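These are my notebook entries on one model. I record what I looked up, entry by entry.

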Amino acid sequence: MGLFDFARNIGKKLFGKEEEAPAALEQHINEDNPGVSGLQVQVQDGVATLTGQATSAEALEKAVLMAGNALGIEEVKADGMSIADGSQVGGDDEFYIIKKGDTLWKIAEHAYGNGAKYTKIVEVNREVIKNADLIFPGQKIRIPKSI
């Protein structure tokens with residue numbers, strides 16, 4: 001898995017100085033562990049590099065989104081992550097960057113033709129979306145193609 005781009009100047013504030021970032025990101029990911037083990041994070045010039053093992057592509061994608069949606073991170077590299085079940089990243093998902101004026105209802109209407117299906121988006125992004133009413137422009141989330 002290659003590189004994911006994020007908006008460096010927005011996101012959840014997890015650390016003050018870049019040297020604090022690796023420990024802060026590891027702690028953040030491990031708190032809501034989406035299915036990764038042996039996680040190690042390095043950060044240099046706003047680029048977070050993740051290594052370790054994920055139980056599935058979904059777990060890896062969640063870890064990448066958790067790291068990338070942190071203030072001060074503009075790219076996440078996960079080439080050093082292995083996937084235990086052999087699944088492929090992005091198989092049944094698309095990634096969406098929230099824009100000004102978006103609501104999860106509107107995103108679900110566009111993705112599925114039914115705004116009430118926003119709960120599925122919240123469910124698959126529970127590590128990134130803690131409150132469905134508190135999403136922000138620039139935040140990157142997963143949108144499953146099939147629900």
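I looked up the accessibility of aspartate 45 and found 53% relative accessibility, so the residue counts as exposed (over 50% relative accessible area, against under 20% for buried and partly exposed in between, with a 1.4 Å probe and protein chains only). Aspartate 45 sits in the loop between strand 2 and strand 3. Its phi is positive, about 50°, although the residue is not a glycine. Most residues other than glycine have a negative phi.

I note that this is a predicted model, in which local features need pLDDT of at least 70 and side-chain atom pairs count only at pLDDT 80 or more, while totals for chains, interfaces and linings use all residues. Residues are numbered from 1 along each chain as its sequence is written, and side-chain values use heavy atoms, with hydrogens and water left out.

I next examined helix 1 against helix 2 (helices are DSSP runs of H or I, at least four residues, and strands are E runs of at least two, numbered from the N terminus). Their axes, lines fitted to C-alpha atoms over the stretch in contact, come within 10 Å and cross at roughly 135°. Helix 1 is therefore oblique to helix 2 (neither under 35 degrees, nor over 145, nor 65 to 115). I then listed the contacts (heavy atoms within 4.5 Å): Leu25, His28 and Ile29 of helix 1 meet Ala63, Met66 and Ala67 of helix 2.

Last, I checked isoleucine 141. Beyond its neighbours within four places in sequence, isoleucine 141 contacts residues including Leu65, Phe95, Leu104 and Ile129.

Methods:
Axes fitted to C-alpha atoms, helices over the stretch in contact; angles between N-to-C directions.
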